[in-house]
Amino acid sequence: MIELENVGYSYGGGELLSDVSMQLAPGSFHFLTGPSGSGKTTLLKLCYGALLPTAGRLSVFGQDMARLDRDHTAMMRRRIGVVHQDCRFLDHMTLAENVALPLLVSGRDPKSEDANLHELMHWVGLGRRADALPPELSGGERQRAALARAVILSPDMVLADEPTGNVDWEMSQRLLRLLIELNRMGKTVLIATHDLSLIRAAKSQVQARVLRISQRKLQLAGADL
Amino acid sequence: MKKGSIRLLLKGDQRADRVVPPSGFTAHLTLFVSGAMAFLAVFALALSLASGRLADRWASELARAATLRINAPADQRASQTAVALKVLQQTPGVASARALTSEEQAALLSPWFGPDLPIDALPVPQLIEIVAGVPGYDSTGLRLRLGAEVPGAVLDDHTRWREPLVDAANSLRRLALVSILLIGGATAAMITLAANAALAANAQVIEVLRLVGARDRFIAGAFVRRFTFRALVGAAVGTILGMAGVLLLPDASEAGGFLTGLGFQGIGWVLPLLIPPLGATVAFAATLAAARRKLKELS
């Protein structure tokens with residue numbers, strides 16, 4: 001599904017990631033962990049084409065990312081649901097409109113999907129907040145709304161960047177359950193987090209593999225977690 | 001760009017347009033600029049059409065009349081005049097030729113020499129008024145023939161007077177056309193600036209749209225529709241006001257000379273109606289170009 005071969009990423013100041021190789025198989029559940037600033041977000045950005053690798057080869061759905069033009073990148077993103085660390089909403093539109101935004105930009109009529117949208121909003125527990133504006137929401141609500149937006153197009157893969165970053169333990173458990181449910185529906189899931197207790201909690205419910213970034217390299221973490 | 005994709009860019013639903021947050025201030029500026037430019041364009045157009053009409057009128061009216069002057073010793077004047085009239089009557093394209101009477105000649109000279117001029121005592125040349133028919137006569141051929149048969153005849157077809165007048169009217173028309181082009185260019189420049197500002201102000205929105213899988217066409221379309229519509233509305237209002245202004249100008253009159261009659265005539269009233277769609281087209285192209293440039297900078 002996503003394949004990285006000796007991928008490196010350098011920015012002006014120096015090398016952040018080097019020689020990263022990994023494969024995400026369809027239907028797999030992965031955690032990506034590592035200290036703050038180790039490059040978790042960068043690695044996720046590489047996966048959805050917000051950044052291009054400076055070395056190596058990265059292919060998504062069998063297509064070389066470096067060769068995709070802007071329109072193909074957009075089409076690829078419709079197959080990958082992303083929960084961003086800072087959520088990224090359009091603040092002048094209601095929560096329901098924000099969640100339905102991927103439908104709108106992909107040319108589908110959000111009206112005909114109203115029932116789906118309604119169901120999805122209830123699934124993430126935001127059925128009653130549909131008409132609220134994003135700035136009025138709490139951190140947990142924003143994260144759940146971002147998750148709903150990430151999955152509304154029924155993507156093949158869900159990438160989540162610190163989805164439990166600023167929510168309490170109970171809410172993070174709830175988000176985790178939603179992600180595990182998605183994985184059971186067949187979606188490939190990759191979650192970047194530095195929260196080890198979240199990973200432990202997940203391990204009892206799902207076959208999860210843990211990737212760790214350390215010293216610019218990606219390693220498969222052992223079973224000691 | 002194909003026709004289909006232009007229609008697709010302009011066709012959009014209100015939901016799609018909502019993705020760009022409403023912006024009151026720049027919206028009003030765009031409306032004002034396109035309105036003001038359309039207003040100016042109406043006047044430039046009126047000036048260009050009127051000066052065109054003036055040039056045509058001067059060219060044709062003066063071209064139809066000519067004067068033949070016979071400078072001959074007093075004893076030969078009458079005979080040469082007769083020969084000249086005969087030649088003129090035989091020339092195809094001459095509708096009428098008539099020798100001016102001595103009273104008429106005296107009247108022409110009186111502003112310079114006073115009414116009591118003993119015109120018979122002076123060697124005043126005989127004038128013959130020629131009115132050309134349609135089609136006109138061949139002035140070069142006529143000159144050659146007159147030169148052979150009436151040595152003292154000088155044909156003046158008013159070219160000397162006509163040309164500077166027609167030139168002046170034509171350069172006025174050129175200036176007006178250049179003004180219209182400049183107005184179009186200035187509109188494009190200002191819409192580009194406004195679109196750039198809007199795109200920059202909404203960089204976050206564009207980023208979010210890109211992240212959820214929007215293609216450039218979708219994002220550009222939302223901005224292009226907005227600016228095209230504003231330019232269309234602004235230009236329509238400006239054009240209506242401009243046309244009302246032209247309508248209120250005084251009608252053409254003898255006393256006003258060429259300063260009056262600056263308005264539109266007949267089918268000319270249709271031309272200013274083309275300004276709003278043209279303005280919208282300029283806005284469409286300018287915004288599309290600006291959006292494409294800006295979007296390329298984002299991932």
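Here are some questions and answers about chain A of a predicted model.

Q: How many helices and how many strands does chain A have?
A: Let's start with the basic parts list. DSSP runs are what count here, with at least four residues for a helix and at least two for a strand. On that basis, chain A comes out with eight helices and 10 strands.

Q: Why can chain A be called as compact as a globular protein of its length?
A: The globule rule gives 17 Å for 225 residues. Along the principal axes, the C-alpha atoms fill a box of roughly 45 × 40 × 35 Å. Chain A counts as that compact because its radius of gyration is close to the rule's value, at 17 Å.

Q: What share of the residues of chain A count as buried?
A: To be buried, a residue needs 20 or more other C-beta atoms within 10 Å of its own C-beta. Out of the 225 residues of chain A, the share that passes is 44%.

Q: Which strands sit at the edges of the open sheet of four strands?
A: This sheet runs in the order β2-β1-β4-β5 of chain A, with antiparallel pairing. Inside it, β1 (residues 2–11) and β4 (residues 55–60) of chain A pair over five bridges, and A:Glu5 has A:Arg57 in β4(A) as its bridge partner. An edge strand pairs on one side only, and that describes β2 (14–24) and β5 (63–64) of chain A.

Q: Which residue of β7(A) is the bridge partner of A:Gly81?
A: Now we move to the open sheet of six strands, ordered β6-β7-β8-β3-β9-β10 in chain A, where the pairing is mixed. Its edge strands are β6 (80–83) and β10 (217–220) of chain A. β6(A) pairs with β7 (residues 157–161) of chain A in the parallel sense, over four bridges. There, the partner of A:Gly81 is A:Val158.

Q: At about what angle does helix α1 of chain A run to β1(A)?
A: Helix α1(A) packs on the six-strand sheet, touching β3, β7, β8 and β9 of chain A. Its direction makes about 155° with that of β7(A). Helix α1 (residues 40–47) also lies across β1, β2 and β4 of chain A, and its angle to β1(A) is about 125°.

Q: Which elements of chain A give two or more residues to the side that touches chain B?
A: The contact takes 18 residues from chain A and 16 residues from chain B. On the chain A side, they divide into 10 nonpolar, two polar and six charged. The elements that give two or more of them are α2 (70–77) and α4 (101–105) of chain A.

Terms used:
Residues are numbered from 1 along each chain as its sequence is written. Chains are lettered from A and ligands numbered from 1 in the order in which they are written. This is a predicted model: local features need pLDDT of at least 70, side-chain atom pairs count only at pLDDT 80 or more; totals for chains, interfaces and linings use all residues. The radius of gyration is taken over C-alpha atoms; the globule rule is 2.2 Å times the number of residues to the power 0.38. A residue is buried if 20 or more other C-beta atoms lie within 10 Å of its own, exposed if 12 or fewer, and partly exposed in between; C-beta atoms are placed from the backbone. Two residues are in contact if their C-beta atoms, placed from the backbone, lie within 7 Å. Ala, Val, Leu, Ile, Met, Phe, Trp, Tyr, Cys and Pro count as nonpolar, Asp, Glu, Lys and Arg as charged, and the others, Gly among them, as polar. Two strands pair if DSSP finds at least two bridges between them. Axes are lines fitted to C-alpha atoms, for helices over the stretch in contact, and angles run from 0 to 180 degrees between N-to-C directions.
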